[in-house]
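Welcome! Take a moment to look over the structure below, and then we will walk through it together, one region at a time.

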Amino acid sequence: MIIPPDFSTEDHRWMRRALAVAEKSLFLSSPNPRVGCVLVRDGRWLAEGHTQRVGERHAEAEALWQAAQQGIDIAGATAYVTLEPCSHQGRTPPCAQALIDAGIHRVVVALQDPNPLVAGRGIACLRQAGIQVDAGLMAQDALLQNPGFCARMTRGTPWLWLKSAMSLDGHTALPDGQSQWITGDHARADGHHWRARACLVLTGIGTILADNPQMDVRAVPTSRQPIRAVLDSQFIISEQARIFNGNPVWIFTSRPDGAKAARLAGRNVRVIILPPSVSGALDLDALMQWLGQHDINEVHVEAGARLQGALVAGGHIDEWLVYVAPCILGDGQGLAALPSALQTLAQAPRYQFLDARPIGPDLRLHLRDTARWQALSTACGLPSSA
């Protein structure tokens with residue numbers, strides 16, 4: 001591996017450690033970004049920390065606190081941070097000032113913070129205090145940990161992926177809608193991992209009526225349940241639906257019903273009115289903008305062919321997780337029902353394969369929209385070809 005001249009082998013070693021530490025906040029930090037910080041002096045590890053729950057310590061403050069708890073003097077140390085330290089007073093004090101006050105000598109940053117409230121100001125603050133700051137080390141890896149936060153900050157909408165399960169011949173359900181279970185336990189547990197990292201788990205009323213799912217995280221341990229949301233343009237969801245289990249649920253509809261909304265409010269359900277599209281379904285562009293305005297970084301979608309097709313046709317898909325079971329259904333419902341037939345193959349939405357791996361007896365395909373990823377990389381100051 002060729003190491004850029006600005007960064008040493010040791011720099012790469014400790015930034016990899018910081019990225020690994022950031023992973024510990026994967027299910028925890030939303031809507032804040034996942035950040036890791038490692039404090040090092042003379043090649044020796046001193047302390048580390050990752051972003052805590054919203055309103056609690058950021059990664060840098062956590063690392064400094066951990067060092068203080070152990071009585072470790074960190075004056076003159078280098079801080080390896082996966083995202084630029086914040087420079088503004090939010091729910092917590094600015095991390096850049098905390099590093100200055102602690103006597104840090106050097107800060108190595110992976111990715112500049114795309115938050116307009118920071119956006120280089122944290123780095124400038126550190127440099128003005130006489131601290132050496134070197135930025136850009138393993139920036140792409142840091143972006144991979146925070147596509148939702150970066151998308152919300154740069155384009156105003158969350159990062160969205162579809163999770164689908166299908167047979168070897170491309171069917172997601174039998175003709176009558178029966179789909180439980182095409183894939184096995186391992187695939188479902190893996191899907192719950194992706195649910196757990198999301199801010200919001202989204203489905204459509206068709207899935208609610210067909211399967212009456214809970215849509216929460218049960219197969220993997222997590223201290224934070226994502227918000228669950230249902231697109232229900234006519235507000236026909238039953239008040240006895242299993243999804244109403246006391247944890248937050250958002251219902252998006254274009255048909256107001258104040259009495260029903262008031263009854264559901266007592267069960268931790270919020271009803272949001274959105275405009276309909278020309279077809280009468282909910283306006284998905286308005287949905288994405290609303291989610292971005294309400295601190296939703298990542299959206300995990302588990303839905304039927306109609307909603308998945310509408311999301312594909314609207315250009316809202318950033319990634320796709322397709323679990324393929326080694327079975328043949330012969331006939332059934334497809335993966336995505338596009339609103340209108342394509343006239344040429346050139347019109348077909350295309351995605352890049354990122355990964356294909358066995359999950360138990362099934363196969364997981366991981367795909368991404370290349371153009372949307374490149375746009376996000378460019379907006380975060382990275383080469384568009386990354």
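Before we start, here is one definition: a residue is called buried when its relative accessible area is under 20%, exposed when that area is over 50%, and partly exposed in between. Please also keep in mind that what you see is a predicted model.

Let us put the definition to work on Gly314. Its relative accessibility is 39%, so Gly314 counts as partly exposed. You will find Gly314 in the loop between α11 (305-313) and β12 (319-324). Now look for Asp285: although Gly314 and Asp285 are 29 residues apart along the chain, their C-alpha atoms are separated by 7.9 Å.

Asp285 brings us to helix α10, which covers residues 284-293. What caps the N-terminal end of α10? Asp283 does: one of its side-chain oxygens lies 3.0 Å from the backbone nitrogen of Asp285. Next, check which parts of the helix are covered. Leu284, Leu287, Met288, Trp290, Leu291 and Gly292 are buried in α10. A general rule helps when you read such a list: an α-helix has 3.6 residues a turn, so residues three or four places apart point the same way.

Follow the chain just past α10 and you meet Asp295, with a positive phi of about 65°. Why might that catch your eye? Most residues other than glycine have a negative phi. Asp295 has its positive value although it is not a glycine. Its place is in the loop between α10 and β11 (298-301), and with 33% relative accessibility Asp295 counts as partly exposed.

Asn212 is another non-glycine residue with a positive phi, here of about 50°. Look for Asn212 in the loop between α8 (205-211) and β8 (227-231). Is Asn212 buried, exposed or partly exposed? Its relative accessible area is 27%, so Asn212 is partly exposed.

Now return to α10 for a look at aromatic rings. A pair of aromatic rings is described by the distance of the centres and the angle of the planes. A search of the whole structure finds six aromatic pairs. One of them joins Trp250 and Phe252 edge-to-face, with 6.4 Å from centre to centre and 80° between the planes. Both Trp250 and Phe252 are buried. Trp250 also forms an edge-to-face pair with Trp290, at 5.2 Å centre to centre and 90° between the planes. Trp250 belongs to strand β9 (residues 249-253) and Trp290 to helix α10, so this pair ties together parts that are 40 residues apart in sequence. With a relative accessibility of 10%, Trp250 counts as buried, and Trp290, at 13%, counts as buried as well. Put together, the ring pairs link Trp250, Phe252 and Trp290 into a cluster.

Next, let us visit some strands. Strand β1 spans residues 36-41 and is mostly covered, with five of its six residues buried. Which strands pair with β1? One is β2 (residues 44-50), which pairs with β1 in the antiparallel sense over six bridges. Within this pairing, Arg41 stands opposite Arg44 in β2. The two strands form a hairpin with two residues between them, and Asp42 in the turn has a positive phi of about 55°. Strand β3 (residues 78-83) also runs antiparallel to β1, and four bridges join them. Here you can spot Leu39 opposite Ala79 in β3.

Step back along the chain from β1 and you reach Pro31, in the loop between α1 (9-22) and β1. As a general background, most peptide bonds are trans. The bond from Ser30 to Pro31, however, is cis, with an omega near 5°.

Ser30 leads us to the last stop, a cavity. How many cavities of 30 Å³ or more does the structure hold? It holds one. About 60 Å³ of space lies in the largest cavity. Ser30 helps to line this cavity, and other lining residues include Ser29, Asn32, Arg34, Asn146, Phe149, Cys199 and Glu298. By type, the lining divides into three nonpolar, six polar and two charged residues.

How values were computed: Residues are numbered from 1 along each chain as its sequence is written. This is a predicted model: local features need pLDDT of at least 70, side-chain atom pairs count only at pLDDT 80 or more; totals for chains, interfaces and linings use all residues. Side-chain values use heavy atoms; hydrogens and water are left out. Buried means under 20% relative accessible area, exposed over 50%, partly exposed in between (1.4 Å probe, protein chains only). A polar contact is a pair of N or O atoms within 3.5 Å; within protein, one must be able to donate a hydrogen and the other to accept it, and residues adjacent in sequence count only if both atoms are side-chain atoms. Two strands pair if DSSP finds at least two bridges between them. On a 1 Å grid over the protein atoms alone, a cavity is a set of points where a 1.4 Å probe fits but cannot get out, and a pocket is an open set with protein on both sides within 12 Å along at least five of seven lines; lining residues have an atom within 4 Å of a point. Grid points are joined across faces, edges and corners, and a volume is the space filled by probe spheres set on the points. Ala, Val, Leu, Ile, Met, Phe, Trp, Tyr, Cys and Pro count as nonpolar, Asp, Glu, Lys and Arg as charged, and the others, Gly among them, as polar. Rings of Phe, Tyr and Trp (its six-membered ring) pair if their centres lie within 6.5 Å; planes under 30 degrees apart count as stacked, over 60 as edge-to-face and the rest as tilted.
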